[in-house]
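Welcome! Here is a short tour for anyone meeting this structure for the first time.

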Amino acid sequence: AGGRTRLIDTLNLRLREQAPPNVAILDLPSVQRCVGNKKWQDDLGWIRYRQHPFIEALPDLAEAYMAVIRAALGTTRKVLVTDLDNTLWHGIIGEDGIDGIKIGPDSHEGEAHLALQQYMLELRRRGILLAVCSKNNPDDARLPFLHHAHMALRLDDFAAFRAIWEE
């Protein structure tokens, strides 16, 4: 309970909770996890140059800082446009039907597509608009959103929904 990682996580949580709205906080442990410890930590480099993180991790760290800055300045992407078949679900709705597509805990493919949908909902909560653009029969394309038990996304989560056969 008193370990270094737990202490750092607790301090970071308190900083986030107490930070005023105009303060942006970079989740450095998350960046470290993404980069990997081998790229992040160089004990010899620390002893020789007092360089931390390791020089190989600096481009990833700079990109993480820039992502926070872009978000604070409002220059991040504002819309995510997605296809449907083999993107939001595994399978082709027009061929496989509502019972043939895979979404949710019944298969590893379904779990992966559900995880993507949950991430898209997180983006929506952060203000990113969601849209569909799919070469599909409009009625078939709407079926999973209306009738599939494991769909995380619903039709009203999308600012625009375009499913047609034409270009």
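The report below goes from the overall build to the sheet, the pockets and a few backbone details.

## Overall build

Please keep in mind that this is a predicted model. The protein has eight helices and three strands. If you walk along the sequence, you meet them in the pattern α-α-α-α-α-β-α-α-β-α-β.

What are the rough dimensions of the box that the C-alpha atoms fill? Along the principal axes, that box is roughly 65 × 35 × 35 Å. The radius of gyration is 21 Å, while a compact globule of 167 residues would have one near 15 Å. As for burial, 27% of the 167 residues count as buried.

## The sheet

The three strands form an open sheet in the order S1-S2-S3, and their pairing is parallel. The edges are S1 and strand S3 (160-164), each of which pairs on one side only. From one strand to the next, the twist averages 15 degrees.

Strands of a sheet pair through backbone hydrogen bonds, in either a parallel or an antiparallel way. Here, strand S2 (residues 129-135) and S3 run parallel and are joined over five bridges. To find a spot in this part of the sheet, look for cysteine 133, which stands opposite arginine 162 in S3.

## The largest pocket

The largest pocket has a volume of about 900 Å³. Its lining is made up of 29 residues, and those nearest the centre are Ala67, Ala71, Thr76, Tyr119 and Arg126. Four elements give two or more residues to this lining: helix H2 (28-35), helix H5 (58-73), strand S1 (79-82) and helix H7 (108-125).

Which element supplies the largest share of the lining of the largest pocket? That is H5, with eight residues. Sorted by class, the lining of the largest pocket holds 16 nonpolar, five polar and eight charged residues.

## The second largest pocket

The second largest pocket offers about 480 Å³ of space. It is lined by 16 residues, with Arg4, Ile8, Pro29, Gln32 and Trp40 closest to its centre.

Helix H1 (4-18) and H2 each supply at least two residues of this lining. H1 gives the most, namely six residues. The lining of the second largest pocket divides into six nonpolar, five polar and five charged residues. H2 is worth a second look, as this helix gives residues to the lining of the largest pocket and also to that of the second largest pocket.

## Backbone details in the loops

Most residues other than glycine have a negative phi, and most peptide bonds are trans. A few places in this model depart from that pattern, and they are easy to look up in the viewer.

The loop between H4 (43-49) and H5 holds proline 53, and arginine 50 lies in that loop too. The peptide bond from histidine 52 to proline 53 is cis, with omega near -5 degrees. Arginine 50 has a positive phi, near 60 degrees. Is arginine 50 buried or exposed? Its relative accessibility is 54%, so arginine 50 counts as exposed, the cut-off being over 50%.

Asparagine 86 sits in the loop between S1 and helix H6 (93-96). Its phi is positive as well, near 55 degrees. With a relative accessible area of 43%, asparagine 86 is partly exposed.

Definitions and conventions:
Residues numbered from 1 in each chain as written. Predicted model: local features only at pLDDT ≥ 70, side-chain atom pairs only at ≥ 80, totals over all residues. Heavy atoms only, no water. 1 Å grid on protein atoms, 1.4 Å probe; cavity = no way out; pocket = protein on both sides within 12 Å on 5 of 7 lines; lining within 4 Å. Points joined across faces, edges and corners; volume = space filled by probe spheres on them. Nonpolar A, V, L, I, M, F, W, Y, C, P; charged D, E, K, R; others polar. Pairing = 2+ DSSP bridges. Axes fitted to C-alpha atoms, helices over the stretch in contact; angles between N-to-C directions. Rg over C-alpha atoms; globule rule 2.2 N^0.38 Å. Buried < 20%, exposed > 50% of the residue type's maximum accessible area, 1.4 Å probe, protein only.
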